[in-house]
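Please find below a short note on the model you sent round. It keeps to the packing of the interior and to one helix pair.

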Amino acid sequence: MLNRRHIRVKVMQSIYTMHQHQSDNLDKEEKFLFQSIENTQNLYLLLLSALIEIKKKESTYIELASKKHLATKEESNPNLKFINNKVLVLLAESEALETALEENNINNWKLNDDIILGLIEVIKESELYQNYMDEPTNSFEQDKSFIVDLYTEVIAPSDRLYDYLEDYKLTWVDDLPGINTLIVKQIKQLNGENDTLIVPKVYKDEDDKEFVKNLFRKTVLNEVELSKEYIDKTPNWDVERIAEIDTIILKMAICELLKFPSIPTKVTINEYLEIAKEYSTPKSSIFINGILDNLVKEFDRDGKLKKAGRGLL
């Protein structure tokens, strides 16, 4: 579920939080880091379950409306295309998803159905929904394309949904883009109504989980040593005015360069430059790139850059 960049961001945020709270309790902060990472799966499950709840709520509304004493013609003979959408049906009937929701006690929408009702209202007002409901033909590919567009253009951008997620768990805000991308990717990969949804694990493998612990601990325990590597290499920058996020990014990048022999140098530099672009100041990536480029040359010259395997430099 989490890729290495997402893991690096999580570690960076944890180190930043330690600095802000002036905490030196490594075990406590590491535990919070792992909890934050584990919670990303709950966010994934919660967002997928929103699609299921939308279908359920609309099904209930249609059923009740059809039984009204003075039901309109439209209510008596409703268009069932949306609630019969093959992707929504597949999600609603997924045993793997149902099990994961139960095991992780994901029942938020039953307690906050106003969010779901609000989403349904926005959905039904959208041109995307109207065009879909008016289309006479029906196929799995059409249903899938509609759900992908609906999630991308209506559900994911919802301010009300965003505000709820931010209030419920603040750490989810930075997880949203990656989880939304994962959900859309999974839906696109569905091949038919008999396909099976696979609920991904938090970590791709044990190596990724170990990477979290090692990157966090090796950076935090060696911060003074790591800062010495770049502190004299910023002649045009006031060291005390360098953004704190930038110093953390530099320390993490230098830690990877020196203490993670299996990670290619180019991968490390590219990853942290992208993180700097997203999480720091506009000039940060230029500054960090210049420092790291000079350090790599120096480390290579001094024999500090010990990378295992061919083509890792």
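The points below deal with the cores, two residues of one helix, and a helix contact.

1. This is a predicted model, and the remarks that follow should be read as such. Its largest nonpolar core has 51 residues. Within this core, Tyr44, Leu47, Phe82 and Leu165 have the most contacts.

2. At least two residues of this core come from each of α2 (26-66), α4 (86-92), α5 (95-103), α7 (113-125), α8 (127-134), α9 (140-155), α10 (159-168) and α11 (172-189). The largest share is that of α2, with eleven residues.

3. Another core, of 45 residues, lies apart from the largest one. Phe34, Ile37, Phe260 and Leu295 are among its members.

4. Leaving out residues up to four places away in sequence, Tyr44 touches Met1, Ile179, Leu182, Ile183, Gln186, Leu197, Ile198, Val199 and Pro200.

5. Gln41 is placed in helix α2. Its relative accessibility is 16%, and because buried means under 20%, Gln41 counts as buried. Beyond its neighbours within four places in sequence, Gln41 contacts Met1, Asn104, Val199, Pro200, Lys201 and Val202. Met1, Val199 and Pro200 thus appear in the lists for both Tyr44 and Gln41.

6. The axes of α2 and α7 are 10 Å apart, and the two helices pack at an angle of about 75°. α2 is therefore roughly perpendicular to α7.

7. On the α2 side of this contact are Ala50, Glu53, Ile54, Lys57, Glu58 and Tyr61. They meet Asp113, Ile116, Leu117, Leu119, Ile120, Ile123 and Lys124 of α7. By type, the residues of this contact are eight nonpolar and five charged, with no polar ones.

Notes:
Residues numbered from 1 in each chain as written. Predicted model: local features only at pLDDT ≥ 70, side-chain atom pairs only at ≥ 80, totals over all residues. Heavy atoms only, no water. Core = buried A, V, L, I, M, F, W, Y, C linked by side-chain atoms within 4.5 Å. Buried < 20%, exposed > 50% of the residue type's maximum accessible area, 1.4 Å probe, protein only. Helix = DSSP H or I, 4+ residues; strand = E, 2+ residues; numbered from the N terminus. Contact = heavy atoms within 4.5 Å. Axes fitted to C-alpha atoms, helices over the stretch in contact; angles between N-to-C directions. Parallel < 35°, antiparallel > 145°, perpendicular 65-115°, else oblique. Nonpolar A, V, L, I, M, F, W, Y, C, P; charged D, E, K, R; others polar.
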